[in-house]
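Look at the chain below before reading on. The paragraphs that follow go through it part by part.

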Amino acid sequence: MVKRCSYFILLLLAKQTAFCQSIDKIINAAAVERIERTLSSDDMRGRKTFSPEIDKAADFIASTFKKAGLQPVNGNSYLQEFAMLRTSVISVNAQVNGRTVTTQNIAVLTGKEELSINQASGYKMMVVHAKDTLQNIITRLQRTGGDYLLMVDTTHRALFERVRSRRSVFSPKGNIVLVLASEEAGEYSIHYKQSVSAMPLKNVVGILPGKSKKQEYVIFSGHYDHLGVGKPNAAGDSIYNGANDDAAGTTAVIMLANYFAKLKNNERTIIFAAFTAEESGGFGSTYFSQQFNPDQVMAMFNIEMIGTESKWGTNSAFITGYEKTDMGKILEKNLEGTNFKFYPDPYPDQQLFYRSDNATLARLGVPAHTISTSKMDSEKYYHTQEDEIETLDMNNMAAIIKAIAISSTSIVAGKDTPTRVTPDSLKR
Ligand SMILES: [Zn+2]
């Protein structure tokens with residue numbers, strides 16, 4: 001008995017060591033640094049959307065996906081290309097229920113240069129009550145497409161104003177006209193004119209098809225855009241390198257692609273995504289989310305700013321929106337016996353769950369969380385020219401990326417399925 005037991009332990013140990021060696025071979029500080037250094041280099045000039053350098057970053061990420069052996073998302077390309085339409089209002093003329101609506105109380109989401117509608121135009125009229133969540137309604141309608149007139153209760157004034165002052169729309173499938181007025185629309189006539197110019201954007205996406213559950217997706221993502229070049233600081237540095245935000249998350253996605261592609265034992269399909277335009281409103285993740293049925297996404301690991309130590313020190317990170325699904329618990333279970341720990345987001349007031357690319361998919365019900373270490377109350381270099389690789393800890397980054405890989409094991413294997421995000425849990 002003793003003999004058998006020790007033999008068994010030996011075998012287990014041998015297996016464990018072999019596993020540790022294999023993951024360390026792929027995810028280690030040196031490998032992390034190679035990717036991180038390229039993405040955050042001055043050559044990339046802060047990876048600003050619509051700059052030539054962000055395209056350079058996209059090509060680099062695509063080349064790493066190719067090297068890993070991922071399947072391209074789009075024919076033989078890893079680039080998921082789309083356009084953002086930059087708009088500028090020329091004129092608004094609106095009457096609703098016999099009264100003139102002021103310019104401040106009308107917002108239009110359309111890719112057309114001119115819109116002229118009335119109650120006979122076939123627009124579906126919807127009243128958005130005080131108790132409704134305006135953002136969820138807009139997201140849903142933009143996704144399904146169609147023409148809508150939304151009569152928006154004035155309690156939603158703040159979000160309405162954000163929608164109204166938006167200077168861009170993208171890949172609109174229909175037209176949405178919003179009127180800030182707590183009433184239904186009977187007779188109306190609305191004329192809207194704007195100028196429109198198309199601005200190209202691209203996500204970088206690679207796929208690792210599942211062995212058995214091909215139609216069930218697990219997503220690893222980060223955003224590769226950042227703020228570009230600004231005014232020089234005291235040291236004369238004008239480049240916002242975004243080493244932590246979010247070259248670090250993008251690096252993690254690439255490392256995870258290398259790791260899972262090497263293992264090649266994923267039962268579920270894994271999608272690796274580097275999003276564009278997070279910093280300018282989450283356009284990349286929104287376009288991405290429109291390319292498939294969100295019900296097929298079993299989990300999304302969005303990774304943002306993991307380059308510095310969390311408030312608990314090394315070997316730890318936090319999960320935003322922890323209480324909204326049981327995904328955090330599953331990840332913790334898979335980390336038992338390691339020296340790594342995940343915590344719930346310690347900065348709930350900052351609404352981080354809603355401030356990154358996970359939110360787009362979470363609104364569609366996907367258990368989608370962001371993993372981060374950023375000390376949001378004291379992260380010195382956040383959105384400054386000093387967010388450079390020298391301020392990051394490559395060893396700790398490697399530890400976090402390994403922890404993400406290990407914690408996702410049972411989900412990737414199709415053994416665990418996190419609970420969905422419910423509309424109720426999204427009320428703020
Ligand atoms: Zn970010």
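A residue counts as buried when its relative accessible area is under 20%, as exposed when it is over 50%, and as partly exposed in between. Arg-47 has 1% relative accessibility, so this residue is buried. Arg-45, at 37%, is partly exposed. Both places belong to one loop: Arg-45 lies between helix H2 (29–39) and helix H3 (52–68), and Arg-47 is also found in the loop between H2 and H3. Phi is positive, near 45°, at Arg-45, which is not a glycine. Arg-47, again a residue other than glycine, has a positive phi near 45°.

The model is predicted. Its mean pLDDT over the chain is 93, with 95% of the residues at 70 or more. Residues 1–5 are a stretch where pLDDT stays under 50, and there the model has zero contacts beyond four places in sequence.

Now turn to the interior. In soluble globular proteins, nonpolar side chains tend to be buried together. The largest nonpolar core here holds 67 residues, and Phe-65, Val-204, Phe-220, Phe-260, Phe-272 and Phe-301 have the most contacts inside it. Helix H6 (residues 243–263) supplies the largest share of this core, 12 residues. What does Phe-220 touch, leaving aside its neighbours within four places in sequence? Its contacts include Val-253, Leu-256 and Phe-260, as well as Phe-272, Phe-301 and Ile-404.

Next comes the metal. The protein donors of the zinc ion come from His-223, Asp-245 and Glu-304, with Glu-304 listed for two OE donors, and they lie 2.0 to 2.6 Å from the ion. Along the chain the donors follow the spacing H-x21-D-x58-E. Distant parts of the chain are linked by one pair: His-223 in strand S11 (residues 213–223) and Asp-245 in helix H6, 22 residues apart. His-223 and Asp-245 are both buried. Why is the arrangement of donors irregular? The angles subtended by the four donor atoms run from 53 to 152°, whereas a tetrahedral arrangement needs all angles between 85 and 135 degrees. At the zinc donor Asp-245, the peptide bond to Asp-246 is cis, with omega near -5°. Asp-246 is also placed in helix H6.

Helix H8 (residues 327–335) comes last. Its buried residues include Met-327, Ile-330, Leu-331 and Leu-335. Seen down the axis of H8, the buried residues fall within an arc of 160°, so they line one face of the helix. Among the elements covering them are strand S15 (297–303), strand S18 (368–372) and helix H10 (394–407). Just after H8, Gly-337 has a positive phi of about 90°.

Technical notes:
Residues numbered from 1 in each chain as written. Predicted model: local features only at pLDDT ≥ 70, side-chain atom pairs only at ≥ 80, totals over all residues. Heavy atoms only, no water. Core = buried A, V, L, I, M, F, W, Y, C linked by side-chain atoms within 4.5 Å. Buried < 20%, exposed > 50% of the residue type's maximum accessible area, 1.4 Å probe, protein only. Helix = DSSP H or I, 4+ residues; strand = E, 2+ residues; numbered from the N terminus. Contact = heavy atoms within 4.5 Å. pLDDT = per-residue confidence, 0-100. Donors = N, O, S within 2.8 Å, 3.2 Å for Na, K, Ca; no water. Tetrahedral: all angles 85-135°; square planar, octahedral: opposite > 155°, others 65-115°. Arc of directions from axis to C-beta.
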